[in-house]
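Student: I'd like a close look at one part of this chain. Please take me through the sheet and the helix packing.

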Amino acid sequence: MSEATSKPLNFLEQIIKQDLESGKTSRVITRFPPEPNGYLHIGHAKSICLNFGLAQTFGGECNLRFDDTNPAKEELEYVEAIKEDVSWLGFDWAGDVRYASSYFDKFYEWALHLINEGKAYVCHLNPEESKEYRGWATKPGKESPYRNRSVEENLAEFEKMRAGEYDEGACSLRAKIDMASPNMNLRDPMLYRIRKQSHHQTGDKWCIYPTYDFAHGQEDAIEGVTHSICTLEFADHRPLYEWFIENLPVPAKPVQYEFARLELNYTVTSKRKLKQLVDEGHVDGWNDPRMPTISGMRRRGYTPASLRNFCEMIGVTKSGSTIDMGQLEYCVRDDLNNTAPRAMCVLNPLKVTITNMPEGEKQVMTQSVHPNREEMGERELPFSRDIYIDREDFTEDTTLSRKKFKRLVLGEYVRLRGAYVIKAEESVKDEDGNIIEVIATLVEGTVGENPPEGIKPRGVIHWVDANDCVDCEVRLYDRLFSDAAPDAGDKNFLDVLNPESLKILNGCKAEKSLLTAEAEKAYQFEREGYFCLDSKYATAVKPVFNQTIGLKDNWANKV
RNA sequence: UGGGGUGUAGCCAAGCGGUAAGGCAGCGGGUUUUGAUCCCGUCAUGCGAAGGUUCGAAUCCUUCCACCCCAGCCA
């Protein structure tokens, strides 16, 4: 790590390195603490890579802990999905999955401890009154009239809360700190509130639930977490986090650090908004391939490695930043370019008949599965008199320069990828003047060989044997939002949804080898992009392919 | 205008008193049976602004400016 070529340490790595060197800690324990109230998204991927990555780098461990302190918003479906996403990303948590809810007895005991110390009280102010008493940024709060109850009374009232004798909102347990603190979080924060709901892990055992603030640091302490890493908006909570650690007989003293959450342009990373997209049917579920969720990206064909590389590449700092979507796309292309098998698929088929090839004759071309990775083997491509090419790869316009149109032009030559050089002899049109077929001839001896002197193919195009191919559906995706900052200002993100984010193409013609494609495993459809079989809609008789990402294409606007 | 946080290129990001790394994007060129990949070159006299300290400042000091977060019985 001291080599000149190594990546510089981010600020958290520097802190941990120092803590290890100074002996402040001898091992590193981190945790990824999602609340199971939605699916994980790209922003969580950053946190996962950070927390698990730090543990890996320094030979420590990282826990997966569900921060399930609010039964009103949480569901078992989400905990299962989150576990799957973390595993898929390639990380193993230490030991069993943890739950904040499994520490509820301990939290209750610690609440009693604070009451006994005179540091917590049951407050019967209702939500509106609490708000009023809290004051404002420039205005100190007022002390609750219940603030100075006796320990005995508080104990009795808290027991009544726990026993279900009060309705939701009737009262709460609060810490006695400082109603005049400039930090709003220290103005007698709430520790417990009443929620008469069953919990996905603890059932109906409790009707009072600890707040985030009263739970998080203590969870960390119980698990021996040394570096508790959260996002910037919790920085204001750090003094409170520390207050609990100082005032409770906790078994360890974790320290909280904050980093900037990931923002990506042209998308939203807010569970609330993503849930709204799902609930209102703007997308096809949490794993819609257009969603920035981990499950959506997986269904789209993104790989764990590409996401990990992305998170590594963007860095970790405390400055709020918005990463360009292009950077994520670069990582996906970079990984897929190296790993994806190649195949050919014609998206908008145009029939080509090769007249100097006898009807019924079948030839077989062989083509490498990957141009620079011989070990991936070869594939066979049937070739006959009738083939399909893409409509966009043929034109009758003979005035186009060779630089501007490197495809098939009437009267000229083009190379069929992995097969012959052909010449377009004439085009056939329907009564409306649309080109429906191209009549062509092949140049003998051009498979794997250059054509004779004088024949200069304009370029290389992809094709598929019309007599031996697979009919399929292809789904093309564009960004979900047409605005770079769907969230910004007071604009409604739903107003900037991109109406063209999904295009469904039917009647596409894929090469036969694609019949064995595995769901979510991307192929490169040569000259088109990366595509994977959809895990939801593909059937044995009808493959459906999702476009993972297009090939980089910077010639269109240059010529 | 209370508290907390952040300002280095179009987007990220190193830098920790010794004279602005790297990546993405862009631009120019080369190779190529994918207009992809790959390769080469190019891209901040400048670090939010203004003062100050110093032989020397993105780094230290002062003042100012801009943006983000906090008034849930959400996390």
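**Sheet and helix packing**

Tutor: Start with confidence. This is a predicted model. Chain A has a mean pLDDT of 96, and 98% of its residues reach 70 or more. The scores are ipTM 0.97 and pTM 0.96.

Now the sheet. It is open and built from 7 strands. Their order is β12-β27-β28-β29-β25-β26-β13, with mixed pairing. In general, strands of a sheet pair through backbone hydrogen bonds, either parallel or antiparallel. The edges here are β12 (342–343) and β13 (345–346), each of which pairs on one side only.

Take the β13 edge. Its partner is β26 (residues 502–511), and 2 bridges join the two strands. β13 and β26 run antiparallel. Across this pairing, V346 stands opposite K509 in β26.

Go to the β12 end. Helix α12 (residues 325–339) lies across β12, β27 (523–525), β28 (529–533) and β29 (544–550). The helix runs at about 115 degrees to β29.

Next, a helix pair. α4 (residues 104–116) packs with α6 (residues 151–162). Their axes are 9 Å apart, at an angle of about 155 degrees. Angles over 145 count as roughly antiparallel, so α4 is roughly antiparallel to α6. The crossing of α4 and α6 is right-handed.

Which residues meet there? From α4 come Y108, A111, L112, I115 and N116. From α6 come V151, N154, L155, F158, E159 and R162. By class, the contact of α4 with α6 has 7 nonpolar, 2 polar and 2 charged residues.

Methods:
Residues are numbered from 1 along each chain as its sequence is written. Chains are lettered from A and ligands numbered from 1 in the order in which they are written. This is a predicted model: local features need pLDDT of at least 70, side-chain atom pairs count only at pLDDT 80 or more; totals for chains, interfaces and linings use all residues. Side-chain values use heavy atoms; hydrogens and water are left out. Two strands pair if DSSP finds at least two bridges between them. Helices (H or I, at least four residues) and strands (E, at least two) are DSSP runs, numbered from the N terminus. Contact means heavy atoms within 4.5 Å. Axes are lines fitted to C-alpha atoms, for helices over the stretch in contact, and angles run from 0 to 180 degrees between N-to-C directions. pLDDT is the predictor's confidence in each residue, from 0 to 100. Angles under 35 degrees count as roughly parallel, over 145 as roughly antiparallel, 65 to 115 as roughly perpendicular and the rest as oblique. A crossing is left-handed if the near helix is turned anticlockwise from the far one by less than a right angle, and right-handed if clockwise. Ala, Val, Leu, Ile, Met, Phe, Trp, Tyr, Cys and Pro count as nonpolar, Asp, Glu, Lys and Arg as charged, and the others, Gly among them, as polar.
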